[in-house]
Amino acid sequence: MIDRAPARIGVIADTSLQRHVLQQALTSNGYEVILNCDPQRIAIEDLATAGADLWLVDLAQSEDSPLVDSLLERAECPVLFGEGHAPERLSENYPRWERRLFGKLKGLVGDPSDAVGPSLEVLLKDAKRPERIELPANLAGQPLAEAPREVWLLAASMGGPEAVKAFLDALPGGLPVAFLYAQHIEASFESALPQAVGRHSQWQVKLAREGESLRCGEVVVVPVAQELRFTEDRSLQLMGRPWPEPYSPSIDQMMLNLGQRFGAHSGVIAFSGMGTDGSAAAAYVRRQGGAIWTQQADSCVCASMPDALREAGHSQLSGDPRALARAMVNRLASQLVAQPASSESFQ
C-alpha cells in the first residue's frame with residue numbers, strides 16, 4: 001500500500017481565536033499542523049527549521065510584520081495569506097469560508113483524501129464475511145419492485161470505504177431501497193470502489209451511467225469527475241461539468257440534487273470523513289422531508305464530517321455501520337407495517 005503523508009502546514013496568526021479555528025479546520029481536513037504561533041512569539045530562525053510544506057499567514061491586528069516579511073523573502077515553500085476572520089463554526093457562512101480556504105490549499109499542497117485510494121488494497125484482500133442481518137418476514141414476503149421506495153446517499157471521505165463496506169456487508173438484500181455512494185477519492189481509484197466495498201455484500205455496487213434508473217438492490221457510485229443530477233423521470237444525468245470546488249464529488253451539491261428530486265423519499269448517511277462537506281446542504285434536505293443519519297465518532301477513522309452534522313443538530317440517528325444497517329432494515333420494515341400503501345415506490 002502506498003503511504004501518502006499529509007501536507008505539513010505552519011500557521012502564523014496574531015489572535016488566539018484565529019489560531020484555534022485554523023488548527024481545528026486544518027486537522028479536521030486531514031492536514032498536519034506543525035507550528036501554530038503568534039508572529040511576536042517566534043524567531044525568524046525557527047521558520048527555516050520547521051519543515052513546512054506551506055505557511056498559512058492570517059494577520060488581523062497588524063498589516064506589517066518583520067517575521068512575515070522575512071518569511072516571504074526566505075521561504076522555499078508556498079506562503080498563503082488567509083481568508084480573513086473565520087466565522088463561527090456553526091454559522092451558515094463557515095462552509096463557504098472553509099471551501100475557499102481548502103480549495104486554495106488543495107491546489108498548492110494536494111488533497112489529503114487522495115490517501116483514501118491506496119487503502120482500497122486492504123479491502124480487496126479482505127476475506128472476512130461478516131454476519132448479515134436477517135431480512136424481516138414482512139419484507140421477505142413482499143415481491144420486490146424494481147423501483148425503490150427510498151433513495152439514500154452514503155457520503156464519506158477518509159475511512160469511508162471501510163465504513164461503507166461494513167454497512168453493506170451487514171445489510172440484507174431484498175430491501176425496497178437504492179443507494180448512491182459519494183466518496184472523496186482520487187479519480188484514478190474510482191473504478192476500484194465497486195469491488196472493494198461490494199465484494200462480500202448482497203448489493204450490486206456499480207458506476208453511474210447516463211440515463212439509467214435507480215433500482216432496488218443497487219448502489220451507484222457518484223462520479224468523481226463530473227456532477228450527477230436527475231432528470232424529470234428520475235434517471236441519472238451526468239452533467240459533463242466538474243463539481244463545485246473544493247470537493248470531488250461535492251457531497252453538499254449531491255445532497256441538494258437528491259433532496260430536490262426525491263424529497264421525503266430520500267436520506268443521507270454521513271460516514272467517516274474529513275471536513276464539513278454536507279453541512280451546508282443538510283438543512284435543505286431536512287426541509288424537504290429527508291432524513292440524515294451519521295456514523296458515531298468512536299467507530300470512525302476520522303469523525304469530522306459526521307461530527308459537523310451532529311454539532312449543527314441535523315443528525316437524527318447515530319451508530320456504527322452495523323447499527324446503521326439494522327436501523328435501515330427496521331425503518332423499511334416498519335413503513336410497510338404502518339402504511340401498506342407507502343410500499344409503492346415514488347415512481
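In the predicted model, serine 279 counts as buried, at 17% relative accessibility. This serine belongs to helix α10. Apart from its neighbours within four places in sequence, serine 279 is in contact with Asp252, Ala308, Leu309 and His314. Helix α10 spans residues 279-287, and its buried residues are Ser279, Ala281, Ala282 and Val285. Viewed down the axis of α10, these buried residues fall within an arc of 140 degrees and therefore line one face of the helix. The cover over the buried residues of α10 includes α9 (251-262), β11 (266-270), β12 (291-295) and α11. Just after α10, glycine 289 adopts a positive phi of about 95 degrees.

Two of the elements that cover α10, namely β11 and β12, also take part in a sheet. This open sheet is formed by seven strands in the order β7-β8-β6-β5-β11-β12-β13, with parallel pairing. Its edge strands are β7 (204-207) and β13 (317-319), each of which pairs on one side only. Direction ignored, neighbouring strands of the sheet are turned against each other by 20 degrees on average. Within the sheet, strand β5 (residues 150-156) runs parallel to strand β6 (residues 177-183), and seven bridges join the two. Tryptophan 152 has phenylalanine 179 as its bridge partner in β6. Helix α9 lies across β5, β6, β11 and β12, and runs at about 175 degrees to β5.

An open sheet is also formed by four strands in the order β2-β1-β3-β4, and here too the pairing is parallel. The edge strands in this case are β2 and β4 (79-81), each pairing on one side only. From one strand to the next, the twist averages 20 degrees. Five bridges pair strand β1 (residues 8-13) with strand β3 (residues 54-58) in the parallel sense. Leucine 56 is the bridge partner of valine 11 in β3. In general, strands of a sheet pair through backbone hydrogen bonds, either parallel or antiparallel.

Salt bridges were then examined, and a search of the whole structure finds 13 of them. One is formed by the side chains of aspartate 38 and arginine 19, with an N to O distance of 3.9 Å. Aspartate 38 is located in the loop between β2 (32-37) and α2 (44-49), whereas arginine 19 is located in helix α1 (residues 16-28), so the pair ties together parts that are 19 residues apart in sequence. Both aspartate 38 and arginine 19 are buried.

Other salt bridges lie within single helices. Lysine 165 and aspartate 169 form one in which the closest N and O atoms are 2.8 Å apart. These two residues are four residues apart in helix α7 (residues 160-170), and are thus separated by about one helical turn. Lysine 165 counts as buried at 2% relative accessibility, and aspartate 169 is buried with a relative accessible area of 2%. In helix α11 (residues 304-311), aspartate 307 and arginine 310 are three residues apart, again a separation of about one helical turn. Their side chains meet in a salt bridge at 2.6 Å, N to O. An α-helix has 3.6 residues a turn, so residues three or four places apart point the same way. Aspartate 307 counts as partly exposed at 24% relative accessibility, as does arginine 310 at 26%. Elsewhere, salt bridges that share partners join Lys206, Glu212 and Glu218 into one network.

In contrast to the salt bridges, disulfides number zero in a search of the whole structure. For cysteine 77, the closest cysteine sulfur is that of cysteine 37, and the separation of 13 Å is too far for a bond. Cysteine 302 is likewise in no disulfide, the nearest cysteine sulfur being that of cysteine 300 at 7.8 Å. Cysteine 77 counts as buried at 18% relative accessibility, and cysteine 302 counts as buried at 14%.

Terms used. Residues numbered from 1 in each chain as written. Predicted model: local features only at pLDDT ≥ 70, side-chain atom pairs only at ≥ 80, totals over all residues. Heavy atoms only, no water. Disulfide = S-S within 2.5 Å. Buried < 20%, exposed > 50% of the residue type's maximum accessible area, 1.4 Å probe, protein only. Salt bridge = Lys/Arg side-chain N within 4 Å of Asp/Glu carboxyl O. Arc of directions from axis to C-beta. Contact = heavy atoms within 4.5 Å. Pairing = 2+ DSSP bridges. Axes fitted to C-alpha atoms, helices over the stretch in contact; angles between N-to-C directions.
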